[in-house]
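Here is a set of short exercises on empty space, a ligand site and backbone geometry. Keep the viewer open and try each task before you read its solution.

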Amino acid sequence: MTDPRSCIPGVDALLASPGAEELVERFGRPRTVDALRRAVESVRGEIAAATGGEGTVTPDEWMSSAADPATYTTRAEIDLIASDVPSLRHVVNATGVVLHTNLGRAPLADEAVEAMRQAAGRYTNLEFDLDEGRRGSRYVHCVELLRELTGAEDALVVNNAAAALILSLNTLGRGAGVAVSRGELVEIGGGFRIPEIIERAGAELVEVGSTNRTRVEDYAEVLSGVRAILKVHRSNFRITGFTEETSVADLASLAAGADVPVVHDLGSGLMVDAAELGLPEEPLASASLAAGADVVVVSGDKLLGGTQAGIIVGRADLMQRMRRNPLCRALRVDKVTLAGLEATLRLYRDPATVRKRIPTLAMLSADVDTLEQRARALADALGAVGVRASVVPTTGAVGGGTYPGVELASFAVELDVEGNAHGLAAALREGTPPVVGRIVDDALRLDVRTVFPDQEDDLVRRVAEAHSGR
Ligand SMILES: *Cc1c(COP(=O)(O)O)cnc(C)c1O
C-alpha cells in the first residue's frame with residue numbers, strides 16, 4: 001500500500017493549477033503561497049492521523065484527493081477569506097440598548113456619515129483659513145454651532161469627554177486644589193474614577209460634604225484653598241433617600257466672588273428636552289451655563305448622537321487657556337470626527353426634524369405601536385423562511401451610562417429554539433453581519449428598536465442561517 005502522502009503535490013506545482021491562479025489574482029502571491037503551504041501541512045497531518053490512529057479513513061481513500069490540487073486550493077480559499085474578515089465591522093444591534101457602549105455607542109446620521117466620507121478621502125481646510133489664505137485653527141470648526149446650541153461664549157472639542165475633563169482640570173487646577181462633593185467621587189466606566197482623574201490632571205482633590213448630602217456651606221469652607229469646583233452629574237447611578245446636593249446656581253454665586261470657576265461634568269450631551277424623547281428630565285448644557293457654570297463638559301457620542309468627542313463649552317477666557325495648554329495637542333480631535341460632529345450639530349438647527357434624522361434620538365423616541373408592528377412583520381418574515389418566532393413585549397435601555405433604571409418599553413421577536421438559546425445566540429454572532437440579541441429567561445429575543453429598518457433583510461437571512469445550523 002502506497003503512502004498517500006507521496007501523492008501530495010509540491011507548492012510550486014499547486015501554484016500552476018487554475019484554482020491557485022485565481023487565488024493569486026484575488027489575494028496576491030505571498031498570501032496564496034502561505035495558505036497553500038498550510039493546506040498541504042494540514043492534509044499531511046490528517047493523513048498521518050488517519051493512518052496511525054483510529055480514524056475511519058483509510059489511506060486508500062486519500063489517494064485521489066491527496067493528488068488533486070483542488071483539495072488544497074479549496075482549503076486555502078476558506079482560510080484566505082476568513083483572514084480577510086475585518087476585525088472592526090458593523091453589527092446588527094438587536095439588544096434594545098440604544099447607546100450600547102460595547103457596540104460603539106451612537107450610530108451616526110446619514111448627513112454625518114457623508115461629511116466624514118468627504119473629509120476622510122480628500123484634503124480639508126482643517127487648519128487652513130480659506131478667507132485669509134494662511135494657517136488656521138482646527139478648533140474653530142464646531143464652535144459657532146455649539147454656541148448657538150448651548151448659548152456658550154466659546155467651545156472646544158477634544159477626543160472624548162474623559163479627555164475634556166482632564167484638559168479642564170489640568171488647565172484650571174494644576175498644582176492646586178479642586179473641590180468635589182463626596183457624593184460625586186464616582187467611577188464613570190472602565191476604571192475612570194474622578195479622584196484618579198484629578199490626580200492625573202495634576203490637581204489635588206479637596207473632598208467636600210458627605211456621600212448623601214453636600215451643602216453650599218461645605219464648599220464655602222474650602223473655597224479659599226481651591227482653584228476650581230468640579231460638579232459631576234450622577235449619570236450612571238441614583239442615590240435616593242436622605243439626600244441633598246448643591247445646585248449649579250448656588251455654586252456659581254458662591255464661587256463668582258472668589259474667582260473660582262465651576263466645572264460641570266454632565267456626560268450625556270443631551271441637546272433637546274428629554275420630555276420630547278419621552279424620558280425623565282436630564283440636565284442640558286445650556287441650562288447649566290445659564291445657571292452660571294463656567295465650563296460644561298459633555299460627550300459627543302451619548303445622547304447627542306454624534307461622533308466620539310469631548311465637548312467643552314463655557315467662558316471664552318477659560319477656553320483660550322485650554323487651547324494653549326500643551327495637553328490640548330495630545331488630546332486633539334481628528335478631522336473625520338470633527339466633520340461628523342459638525343454635520344450632527346447642524347441637524348439640531350431644525351428642531352422639527354432633528355429627532356427623525358439623528359438615529360439615537362429616533363430610536364429613543366420610537367413609538368411603541370410602531371415597534372410592535374415592526375416586530376410582527378419581522379416574525380412573519382421569519383415564518384416565511386421556516387423560523388418560528390413569536391412577538392413579545394420587552395424592555396430595553398438607553399445605555400451608555402445614562403438613565404440608570406429607566407426601561408424603554410419595546411417589542412421583540414422571540415425565537416423558538418428548544419432550550420438552545422445560547423447556541424443560537426453564538427451562531428448569530430458569527431456570520432456576516434453579526435447579530436447581537438439578548439437572552440431573557442432562556443429565550444433569545446431580538447428587540448426591533450435598535451435594528452435599522454434597512455438591516456431587517458440581513459437579520460432574517462442570518463436568523464435562517466443560524467437556525468438551520470449553517
Ligand atoms: C460618560 C461620561 C463621561 C465620559 O465620557 P466619554 O466621552 O465616554 O469619555 C464623563 N463624565 C460623565 C458624567 C459621563 O457620564
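## Exercise 1: The enclosed space

Task: Find how many cavities of 30 Å³ or more there are, and describe the largest cavity.

Solution. Please keep in mind that this is a predicted model.

- Step 1. Start with the count: there is one cavity of 30 Å³ or more.
- Step 2. Add a volume: the largest cavity holds about 40 Å³ of space.
- Step 3. Locate the walls. A run of residues, Arg-138, Tyr-139, Val-140, His-141, Cys-142 and Val-143, is included in the lining of the largest cavity, and Val-157, Val-333 and Leu-338 are there too.
- Step 4. Sort the lining by class: seven residues are nonpolar, one is polar and one is charged.

## Exercise 2: The largest pocket

Task: Work out the volume of the largest pocket, and find which helices each supply at least two residues of its lining.

Solution. Now we turn to open space.

- Step 1. The volume of the largest pocket is about 1200 Å³.
- Step 2. Its lining consists of 42 residues, and those nearest the centre are Ala-106, Pro-107, Leu-108, Met-363 and Phe-452.
- Step 3. Map the lining onto helices: helix 6 (110-121), helix 16 (354-357), helix 17 (359-364) and helix 18 (368-384) each contribute at least two residues.
- Step 4. Split the lining of the largest pocket by class, and you get 18 nonpolar, 13 polar and 11 charged residues.

## Exercise 3: The second largest pocket and the ligand

Task: Describe the second largest pocket, then say which residues surround the ligand.

Solution. We go from the pocket to its occupant.

- Step 1. The second largest pocket has about 400 Å³ of space. It is lined by 23 residues, with Arg-105, Ala-161, Ala-162, Ile-188 and Lys-302 closest to its centre. Helix 8, strand 7 (187-189) and strand 11 each give two or more residues to this lining.
- Step 2. By class, the lining of the second largest pocket has eight nonpolar, 11 polar and four charged residues.
- Step 3. Place the ligand: the space it takes is this second largest pocket.
- Step 4. List the shell around the ligand: Arg-105, Asn-160, Ala-161, Ala-162, Ile-188, His-233, Ser-235, Asp-265, Gly-267, Ser-299 and Lys-302. Three of these shell residues are nonpolar, five are polar and three are charged. Helix 8 (161-173) and strand 11 (262-267) each provide at least two shell residues.
- Step 5. Look for polar atoms beside the ligand. On the nitrogen side, a polar side-chain atom of Asp-265 is 2.7 Å from a ligand nitrogen. For oxygen, a polar side-chain atom of Lys-302 lies 2.8 Å from a ligand oxygen atom, and a polar backbone atom of Ala-161 is 3.0 Å from an oxygen atom of the ligand.
- Step 6. Finish with area: the ligand taken alone exposes 380 Å², and the protein buries 92% of that.

## Exercise 4: Backbone geometry

Task: Find where a cis peptide bond occurs, and what the phi of Asp-259 is.

Solution. Begin with a rule of thumb: most residues other than glycine have a negative phi, and most peptide bonds are trans.

- Step 1. Thr-432 and Pro-433 are joined by a cis peptide bond, with omega about -10°. Pro-433 belongs to the loop between helix 19 (421-430) and strand 16 (435-436).
- Step 2. Asp-259 is not a glycine, yet its phi is positive, at about 55°. Asp-259 sits in the loop between helix 11 (248-256) and strand 11.

How values were computed
Residues are numbered from 1 along each chain as its sequence is written. This is a predicted model: local features need pLDDT of at least 70, side-chain atom pairs count only at pLDDT 80 or more; totals for chains, interfaces and linings use all residues. Side-chain values use heavy atoms; hydrogens and water are left out. A residue is near a molecule or strand if one of its heavy atoms lies within 4 Å of it. A polar contact is a pair of N or O atoms within 3.5 Å; within protein, one must be able to donate a hydrogen and the other to accept it, and residues adjacent in sequence count only if both atoms are side-chain atoms. Accessible areas come from the Shrake-Rupley method with a 1.4 Å probe; for residues, only the protein chains shown count as cover. On a 1 Å grid over the protein atoms alone, a cavity is a set of points where a 1.4 Å probe fits but cannot get out, and a pocket is an open set with protein on both sides within 12 Å along at least five of seven lines; lining residues have an atom within 4 Å of a point. A molecule sits in a cavity or pocket if more than half of its atoms lie within 2 Å of its grid points. Helices (H or I, at least four residues) and strands (E, at least two) are DSSP runs, numbered from the N terminus. Ala, Val, Leu, Ile, Met, Phe, Trp, Tyr, Cys and Pro count as nonpolar, Asp, Glu, Lys and Arg as charged, and the others, Gly among them, as polar. Grid points are joined across faces, edges and corners, and a volume is the space filled by probe spheres set on the points.
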